[in-house]
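Biologist: Could you take me through this assembly, starting with how its chains meet?
Modeller: Certainly; one definition is needed before the chains are discussed.
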Amino acid sequence: MEWETVIGLEIHAQLMTQSKIFSGSSIAYGAEPNTQANVVDLALPGVLPVLNVEAVRMAVKFGLGINAPVSQRSVFARKNYFYPDLPQGYQISQFDLPIVEKGHIDILLDDGGVKCIGITRAHLEQDAGKSLHEDFAGMTGIDLNRAGTPLLEIVSEPDMSNAKEAVAYMKKIHALVQYLEICDGNLQEGSFRCDANVSVRPKGQKELGTRAELKNINSFRFVERAINIEVQRQIDIIEEGGTVVQETRLFDPDKDETRSMRSKEEANDYRYFPDPDLLPVRISDDFIEAIRATLPELPEAKKQRFITRYGLSDYDAEVLTSHRALSDYYDQVARESNQAKLAANWVMGNLSGALNKANLEIKASPISAKQLADMIKRIADNTISGKIAKDVFEAIWQGEGDADGIIEKKGLKQITDTGAIEGMIDEIIANNPQQVEMFRSGKEKILGFFVGQVMKASRGKANPAQVNQLLREKLKG
Amino acid sequence: MHTKSLSELAADLKSGAYSSVELTQYFLDRINRYNTALNAFITVTDESALSRAKAADEQIAAGSAGALTGIPLAYKDIFCTDGVRTSAGSKMLDNFIAPYNATVVEKLNQAGMPMLGKTNMDEFAMGSSNENSYYGVVKNPWDLARIPGGSSGGSAATVAARLSPVATGTDTGGSIRQPAAMTGITGIKPTYGRVSRFGMIAYASSLDQGGVFGTSAEDCALVLTAMSGFDEKDSTSAEHAVPDFSASLKDSLAGLKIGLPKEYFEEGLDAQVEKSIQEAIEAYRKMGAEIIEISLPNTPLAIPAYYVVAPAECSSNLSRLDGVRYGYRCENAKDLTDHYMRSRGEAFGVEVKRRIMVGTYALSAGYYDAYYLKAQQIRRLISEDFQKAFETVDVIMGPVAPNTAFKIGEKSDDPVGMYLSDIYTISVNLAGLPAMSLPVASVNNLPVGLQIIGNYFDEAKMLNIAHQYQQVSDHHQQIPTAFDVTRGGE
Amino acid sequence: MSLTIEEVKKIALLARLALNDDEVQAYSESLSDIFDLAAQMNAVDTTGIEPMAHPQDISQRLREDIVTASDEREKFQSLAPATEAGLYLIPRVIE
Ligand SMILES: [Mg+2]
Ligand SMILES: [Zn+2]
């Protein structure tokens with residue numbers, strides 16, 4: 001039987017506000033436990049929530065970023081359940097009337113095609129605290145610093161049909177929230193988290209299969225692995241005549257398996273109802289337009305500009321716009337060097353490689369966009385060859401200065417003086433009569449040998465194009 | 001001192017007839033003497049009362065006193081008071097020392113009013129008789145075998161017995177008006193949003209509203225002015241200017257249009273209570289008011305709608321009481337579920353558990369539309385009834401309760417019967433309107449309250465109307481004889 | 001309408017309330033009475049009527065994004081049944 005996979009993602013993006021969504025506590029990461037939990041976050045008797053305007057602004061920004069309508073009237077609801085890291089005994093979230101309605105985002109497929117992924121909704125809600133399961137004399141510890149941190153929950157349509165698409169979508173949203181500066185995208189600290197709803201069905205079947213919800217998968221790599229493993233698990237179950245149960249499952253990266261979370265003692269019944277402590281949020285056109293005016297160029301628009309203005313391929317433009325900082329960096333290198341293609345090759349090639357190796361973010365690059373652009377200019381005007389440029393790049397990386405200074409100091413300037421190159425060629429031809437004979441008898445491949453000899457003699461500085469041309473002339477005799 | 005109005009007390013304090021410390025001590029002495037019989041206080045804060053009184057005296061001496069500086073009061077034990085136990089009448093919060101002040105408490109502290117203590121109440125404000133308190137039943141000062149009304153029964157009994165000149169209360173379905181009526185004092189529940197709910201332990205958030213008990217409309221006006229106003233900590237508080245509610249007390253009532261809803265005078269209303277209400281209305285006619293019969297056709301649906309909406313909200317509001325961060329915790333829980341179930345099961349009383357379960361059921365999958373949503377729709381119909389009535393009348397009058405205070409224990413086995421006695425008060429909360437009760441008669445030595453219901457933010461007019469009645473009547477000056485013994489030398 | 005013992009037990013679990021058998025029995029009776037009372041609402045056709053969640057038709061105020069709280073952990077944790085190392089302690093949660 002052929003199987004079809006259906007995947008929908010729920011992404012929780014922690015919003016980069018200063019204070020919590022309904023209280024004046026800080027949301028800074030890493031504080032001592034429970035030092036950032038005030039009367040509201042602790043749900044003391046009598047306290048009331050007051051909504052943070054910045055959280056609303058950020059949600060609206062996201063709506064504009066996915067071309068979704070922003071609701072003029074949205075409502076906060078209580079999702080009721082008991083859990084020790086949920087101090088109120090309910091989570092303030094949105095149910096019937098979310099702040100952002102239907103939108104969409106395009107992902108690039110492996111075959112170069114584009115797929116449009118629907119976004120059902122995005123809504124504001126508060127985060128829970130943390131349960132620390134290390135043993136405290138047989139007890140569990142609760143830290144409520146995170147309780148009340150603003151989250152934007154972004155719910156996709158079940159539009160993805162394999163793990164790769166899910167990762168591509170997740171990366172797209174990850175890039176977008178960072179472009180919009182509404183989320184720092186830090187997966188390790190949990191500011192960007194993903195749950196995946198996964199089901200399989202026989203190819204061609206209309207109705208969806210029973211889904212499992214994979215919780216809190218905190219890296220792109222794990223999302224792909226978790227989904228693939230879960231898909232196989234479900235197919236195995238069905239092929240062996242069993243049925244998939246709807247449940248929440250955890251991915252265990254160490255054992256490479258997904259497993260059922262401790263079965264709930266009763267079926268969840270969240271008893272959503274409008275939070276009587278909060279009034280409907282009304283968002284005016286003026287409010288939305290003021291936010292629209294502050295929007296940066298978004299990934300999709302930037303990608304199109306890179307393609308048309310810089311003549312990049314779809315793929316290169318996609319890669320270079322996958323992170324805002326990367327796209328800004330490339331944009332500057334391309335503009336200042338006026339060599340868009342070369343700039344793309346260097347940014348995606350040597351620079352990315354070096355950053356990866358050093359485990360650095362583009363923002364922390366030891367080579368500034370200006371320095372890289374200056375170096376590329378020297379390649380373009382033949383001051384240095386591409387090969388020598390690698391040494392120059394390394395020197396800039398090591399902090400030895402700018403390209404021009406390094407070229408000067410190390411004498412790396414390309415030899416373009418015909419006379420000097422001819423002198424070297426003449427000497428090499430005289431010393432290698434046998435090879436000259438081979439060339440003349442038609443074995444033109446031997447040319448490479450001569451080029452190598454000249455480059456060696458010039459210590460790499462001879463202009464390769466010139467060397468080629470002069471060698472051919474002289475070897476023909 | 002216990003027979004004087006707030007403005008008389010303020011004048012005496014200013015003239016130096018006695019100090020705030022003396023005045024405060026006087027009421028503490030009365031509490032000391034009479035509280036055992038009434039059980040109106042859960043906590044008496046004599047030390048802090050006297051130290052605040054001392055500070056008030058300094059303010060008075062410095063000439064910077066306001067209208068309420070130095071006059072003591074009592075708070076319903078539902079208002080959080082920093083450093084003082086705030087129990088909400090529940091075993092659950094018996095050990096809860098509030099770490100912050102409710103906005104109302106902040107405001108009245110600002111006004112210079114020393115707190116005498118925290119008054120008894122139905123657990124989490126759920127009740128109409130004050131029989132649902134972990135701290136025991138409160139007695140009605142007019143007849144110690146009877147209930148004082150609820151849920152703010154402790155505050156009402158306190159003011160009725162003159163153990164405090166004024167006291168705060170909260171009203172979710174009648175919890176200020178009904179005990180005021182039962183104990184023969186004046187109580188006002190302002191428009192929803194007028195008084196901040198921050199720090200007032202929530203029963204049903206969309207219905208709860210803080211207010212005040214006094215012996216007269218004049219006293220209530222003074223305190224209500226001080227406790228009202230927009231609060232940025234309460235999203236549901238109203239950004240609506242607060243007038244000086246005392247300023248218009250003397251306005252003439254000539255031409256006032258009073259609506260009498262015919263549904264408030266139908267079957268179920270005690271004949272003698274009805275007669276008392278009719279007499280009071282007659283007095284208003286004599287003052288120049290026009291009496292118009294109106295209809296609030298959805299009145300019979302108010303009780304069913306209320307007893308879905310209020311429990312639904314309370315079932316969620318009370319979820320935070322889980323024994324994790326504060327409050328009661330059961331012993332030796334065998335796991336987390338056991339911890340939750342026993343902490344809550346052992347600490348909540350019968351009625352609280354009942355309402356939590358009603359609300360849980362009304363919101364649960366498959367029942368939400370039939371109960372919760374339906375009730376919210378009916379709520380709109382009820383609210384529209386009132387708006388229609390206010391197109392033709394200025395205020396609405398009627399009884400507060402169908403009967404005078406009943407005997408302790410009389411209705412405790414009949415929750416539905418108890419709920420039905422809220423018939424005249426509950427619609428007001430569903431609509432969010434202001435309403436008050438003032439004493440207008442005594443039937444078999446038990447007080448009868450007249451209810452005045454106003455349109456949104458019409459508290460000034462209602463207080464004016466009540467005050468005018470109190471100029472021609474002395475019902476509000478009646479004190480239960482057992483509590484009218486003055487201290488030697490006064 | 002009448003609520004069965006099983007239904008009352010289910011609600012009590014959802015609401016996290018431990019009840020003994022007598023209580024369950026008593027609540028099944030009083031809850032049934034209350035839902036009979038609630039059923040009176042069915043007398044009115046409410047089709048198309050906008051549910052009213054708040055007494056007044058006003059909208060949510062928004063708060064500036066400013067940190068106003070400071071660390072008061074010690075004060076707050078003095079209220080707690082059990083704490084250690086700044087954490088609130090609860091019976092062990094097994095995941
Ligand atoms: Mg959610
Ligand atoms: Zn699209």
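Modeller: Buried area is the accessible area, taken with a 1.4 Å probe, that two parts lose on being put together, summed over both. This is a predicted model, in which local features need pLDDT of at least 70 and side-chain atom pairs count only at pLDDT 80 or more, while totals for chains, interfaces and linings use all residues. Residues are numbered from 1 along each chain as its sequence is written, chains are lettered from A and ligands numbered from 1 in the order in which they are written, and side-chain values use heavy atoms, with hydrogens and water left out.

Biologist: How much area do chain C and chain B bury between them?
Modeller: Chain C and chain B bury about 5,100 Å², and carbon and sulfur atoms account for 70% of it. In terms of contact (heavy atoms within 4.5 Å), 49 residues of chain C meet 67 residues of chain B.

Biologist: How many salt bridges are there between chain C and chain B?
Modeller: The count is 2, where a salt bridge is a side-chain nitrogen of Lys or Arg within 4 Å of a carboxyl oxygen of Asp or Glu. One of them joins Glu23(C) to Lys353(B), with an N to O distance of 3.4 Å.

Biologist: Which elements of chain C supply its side of that interface?
Modeller: Helix 1 (5-14), helix 2 (21-38), helix 3 (73-77) and strand 3 (87-91) of chain C each supply at least two residues of the side that touches chain B. Helices (H or I, at least four residues) and strands (E, at least two) are DSSP runs, numbered from the N terminus. Helix 2 of chain C gives the largest share, 9 residues.

Biologist: And what is the make-up of that side of chain C by class?
Modeller: The side of chain C that touches chain B has 34 nonpolar, 7 polar and 8 charged residues. Here Ala, Val, Leu, Ile, Met, Phe, Trp, Tyr, Cys and Pro count as nonpolar, Asp, Glu, Lys and Arg as charged, and the others, Gly among them, as polar.

Biologist: Let us turn to chain A. What area is buried between chain A and chain B?
Modeller: The area is about 2,800 Å², with 58% of it from carbon and sulfur atoms. On the two sides, 31 residues of chain A are in contact with 38 residues of chain B.

Biologist: Which residues form the salt bridge there?
Modeller: Across this interface the rule finds 1 salt bridge. Arg197(B) pairs with Asp277(A), and their closest N and O atoms are 3.1 Å apart. Strand 4 (76-80) and strand 15 (273-274) of chain A each supply at least two residues of the side of chain A that touches chain B. That side of chain A divides into 22 nonpolar, 4 polar and 5 charged residues.

Biologist: What sheet do those strands belong to?
Modeller: They lie in an open sheet of 3 strands of chain A, in the order 5-4-15, with antiparallel pairing; two strands pair if DSSP finds at least two bridges between them. Strand 5 (90-94) and strand 15 of chain A are the edge strands, each pairing on one side only. Strand 4 and strand 5 of chain A are joined by 5 bridges, and Lys79(A) has Gln91(A) in strand 5 as its bridge partner.

Biologist: Which helix of chain B lies across that sheet?
Modeller: Helix 9 (residues 299-317) of chain B lies across strand 4, strand 5 and strand 15 of chain A, at about 65° to strand 4. Axes are lines fitted to C-alpha atoms, for helices over the stretch in contact, and angles run from 0 to 180 degrees between N-to-C directions.

Biologist: What is the strand order in the sheet of 8 strands in chain A?
Modeller: The order is 6-7-10-1-11-12-13-14, in an open sheet with mixed pairing. Strand 6 (103-108) and strand 14 (257-260) of chain A are its edge strands. The twist averages 30° from one strand to the next.

Biologist: Changing topic, where is the cis peptide bond?
Modeller: The cis peptide bond joins Gly150(B) and Ser151(B), with omega at about 5°. Ser151(B) sits in the loop between strand 3 (115-119) and helix 5 (153-160) of chain B. Phe124(B) is also found in the loop between strand 3 and helix 5 of chain B, and its phi is near 50°, a positive value in a residue other than glycine.
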